[in-house]
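The following note comments on the structure shown below. The points are numbered for ease of reply.

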Amino acid sequence: MVIKKLLKDLKEVNAIFNDCYKLYKKYAAMDSGNIVPVLESLMSEADDLSKKHDCKIANEIIVAVVNELDRGYTKRSKER
């Protein structure tokens, strides 16, 4: 019984990491020229992920991904 619970928890954590990686991968390569629609779409998808996983670790990872993407967009816009 304990092993089944542990495996279920590990699968959930794996799903969280995979979803967050996909979110990062999708938006990290986007051009930040017209940033408003990109950020609106990012925030919508991040909100959907937060609702899908609905746990503290997922929310913390999602926030970290969004912050990292924002940092990257800001850096690229300053380089222009």
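1. Asp9 and Lys5 are four residues apart in helix α1, so about one helical turn separates them. In this predicted model, their side chains form a salt bridge with an N to O distance of 3.1 Å. Asp9 has a relative accessibility of 34%, and therefore counts as partly exposed. As a general remark, side chains of opposite charge can pair when their charged atoms come close.

2. A second salt bridge joins the side chains of Lys26 and Glu45, at 2.5 Å from N to O. Because Lys26 belongs to helix α1 and Glu45 to helix α2, this pair ties together parts that are 19 residues apart in sequence. Both partners are partly exposed: Lys26 has a relative accessible area of 41%, and Glu45 has a relative accessibility of 26%.

3. Within helix α3, the side chains of Glu68 and Arg71 meet in a further salt bridge, again described by its N to O distance, 2.5 Å. The two residues are three residues apart, about one turn of the helix. Glu68 is partly exposed at 32% relative accessible area, and Arg71 is likewise partly exposed at 48% relative accessibility. How many salt bridges does a search of the whole structure find? The search returns six, among them the three pairs Asp9 and Lys5, Lys26 and Glu45, and Glu68 and Arg71.

4. The length of helix α1 may be checked against its residue count. The helix runs over residues 2–28, and at 1.5 Å a residue its 27 residues should span 39 Å; the C-alpha atoms at its ends are 39 Å apart, so the expected span and the model agree. The same kind of check can be applied to α3: its 24 residues should span 34 Å at 1.5 Å a residue, and its end C-alpha atoms lie 35 Å apart, which agrees.

5. Which residues of α1 are buried? They are Ile16, Asp19, Cys20, Leu23 and Tyr27, and they pack against α2 (35–53) and α3 (56–79). Asp19, located in helix α1, deserves separate mention. Its relative accessible area is 14%, and since buried means under 20%, Asp19 falls in the buried class. Beyond its neighbours within four places in sequence, Asp19 is in contact with Leu49, Lys52 and His53.

6. In α3, the buried residues are Ala58, Ile61, Ile62, Val65, Val66, Leu69, Gly72 and Tyr73. The elements covering them include α1 and α2. Ile62, a residue of helix α3, is buried at 6% relative accessibility. With neighbours within four places in sequence left aside, Ile62 is in contact with Cys20, Ala46, Leu49 and Ser50. Its separation from Val38 is 24 residues in sequence and 16 Å in space, taken from C-alpha to C-alpha.

7. The largest nonpolar core has 15 residues, of which Cys20, Leu23, Tyr27, Leu42, Ile62, Val65 and Leu69 touch the most other members. Each of α1, α2 and α3 supplies at least two residues of this core, and α3 gives the most, with seven residues. Leu42 illustrates the packing: not counting residues up to four places away in sequence, Leu42 touches Leu23, Tyr27, Val66 and Leu69. In soluble globular proteins, nonpolar side chains tend to be buried together.

8. A nonpolar patch is also present on the surface. Ile3, Leu6, Leu7 and Leu10 make this patch, which covers about 420 Å². Leu6, one of these residues, is placed in helix α1.

9. Finally, a backbone point concerns Asp54. Although Asp54 is not a glycine, its phi is positive, about 45°. Most residues other than glycine have a negative phi. Where is Asp54 found? Asp54 sits in the loop between α2 and α3. Is this residue buried or exposed? Asp54 is exposed, with a relative accessible area of 63%.

Terms used:
Residues numbered from 1 in each chain as written. Predicted model: local features only at pLDDT ≥ 70, side-chain atom pairs only at ≥ 80, totals over all residues. Heavy atoms only, no water. Expected span 1.5 Å × (residues − 1). Buried < 20%, exposed > 50% of the residue type's maximum accessible area, 1.4 Å probe, protein only. Contact = heavy atoms within 4.5 Å. Patch = residues over 30% accessible without salt bridge, like charges linked within 9 Å, V, L, I, M, F, W, Y side chains within 5 Å. Areas by Shrake-Rupley, 256 points an atom, 1.4 Å probe, with all protein chains shown as cover. Salt bridge = Lys/Arg side-chain N within 4 Å of Asp/Glu carboxyl O. Core = buried A, V, L, I, M, F, W, Y, C linked by side-chain atoms within 4.5 Å.
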